[in-house]
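Got your viewer open? Load the model, switch on side chains, and follow along stop by stop.

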Amino acid sequence: MLKVDDMQKTTDENVGATTRSFEGTTKATQAITAEIADYTRRSFEHGAKTLEKLAGVKSPDKAFEVQAEYARGAYENYVSYSAKLGQLYVDLGKEAFKSYQDLAAKLAPVK
């Protein structure tokens, strides 16, 4: 039978786990937001540089070369960004449930 003290302790641990979960997810969400903002900035700069190059070309061959260079760079940047963002979301999921896993381990240790 549970005592009032045990119920209070369990309630306090639940509140603590929830607070830690919010702290961890806030940090992870900020990292995701920073990565998205950085990728957006880099993509815009890459596009602007490409437009500057295109404005200065004299032949269609050179224009195709500049466009191909842009497409290759945009693709490589996107693949890198996607991998990094995917890892950040994995970290967010882990962080969100970490405190609850710790709490569950305390309440019901595995035998």
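**Stop one: the charged network**

Select Glu35, Asp38, Arg41, Arg42, Glu45 and Lys84: salt bridges link these residues in a network. A salt bridge here is a side-chain nitrogen of Lys or Arg within 4 Å of a carboxyl oxygen of Asp or Glu. Before zooming in, note that this is a predicted model, where local features need pLDDT of at least 70 and side-chain atom pairs count only at pLDDT 80 or more, while totals for chains, interfaces and linings use all residues. Residues are numbered from 1 along each chain as its sequence is written, and side-chain values use heavy atoms, with hydrogens and water left out.

Now pick Arg42 and Asp38 out of that network. Their side chains meet in a salt bridge, with 3.0 Å from N to O. Both residues sit in helix 1 (residues 4-56), 4 residues apart, about one turn of the helix. Helices (H or I, at least four residues) and strands (E, at least two) are DSSP runs, numbered from the N terminus.

Are these two buried or exposed? Neither quite: Arg42 counts as partly exposed because its relative accessibility is 29%, and Asp38 gets the label at 26%. The cut-offs are under 20% relative accessible area for buried, over 50% for exposed, and partly exposed in between (1.4 Å probe, protein chains only).

Next, click Arg41 and Glu45. This salt bridge has its closest N and O atoms 3.1 Å apart. Arg41 and Glu45 are 4 residues apart in helix 1, so about one helical turn separates them. Arg41 is partly exposed at 41% relative accessible area, and Glu45 is partly exposed at 36%.

**Stop two: a pair in helix 2**

Move over to Glu65 and Lys62. Their closest N and O atoms are 3.3 Å apart, in another salt bridge. The two lie 3 residues apart in helix 2 (residues 60-107), about one turn of the helix. With a relative accessible area of 45%, Glu65 is partly exposed; Lys62 is too, at 37% relative accessibility. How many salt bridges does a search of the whole structure find? It turns up 7.

**Stop three: the tyrosines**

Time for rings. The structure holds 3 aromatic pairs. Select Tyr39 and Tyr81: the ring centres are 3.9 Å apart and the planes are at 15°, so this pair is stacked. Tyr39 belongs to helix 1 and Tyr81 to helix 2, so the pair ties together parts that are 42 residues apart in sequence. For the cut-offs, rings of Phe, Tyr and Trp (its six-membered ring) pair if their centres lie within 6.5 Å; planes under 30 degrees apart count as stacked, over 60 as edge-to-face and the rest as tilted. Tyr39 and Tyr81 are both buried.

Add Tyr78 to the selection, and you have one aromatic cluster of Tyr39, Tyr78 and Tyr81. Tyr78 lies in helix 2 and is partly exposed, with a relative accessible area of 45%.

Turn on the surface and select Tyr75, Tyr78 and Val79. They form a nonpolar patch, with about 340 Å² of accessible area together. Patches are made of residues with over 30% relative accessible area and no salt bridge, with like charges joined within 9 Å and nonpolar side chains (Val, Leu, Ile, Met, Phe, Trp, Tyr) within 5 Å. The areas come from the Shrake-Rupley method with a 1.4 Å probe, and for residues only the protein chains shown count as cover.

**Last stop: Gln67**

Finish on Gln67 in helix 2, which is partly exposed at 41% relative accessibility. Draw a line from its C-alpha atom to that of Leu54: the two residues are 13 apart along the chain, and the atoms are separated by 8.1 Å.
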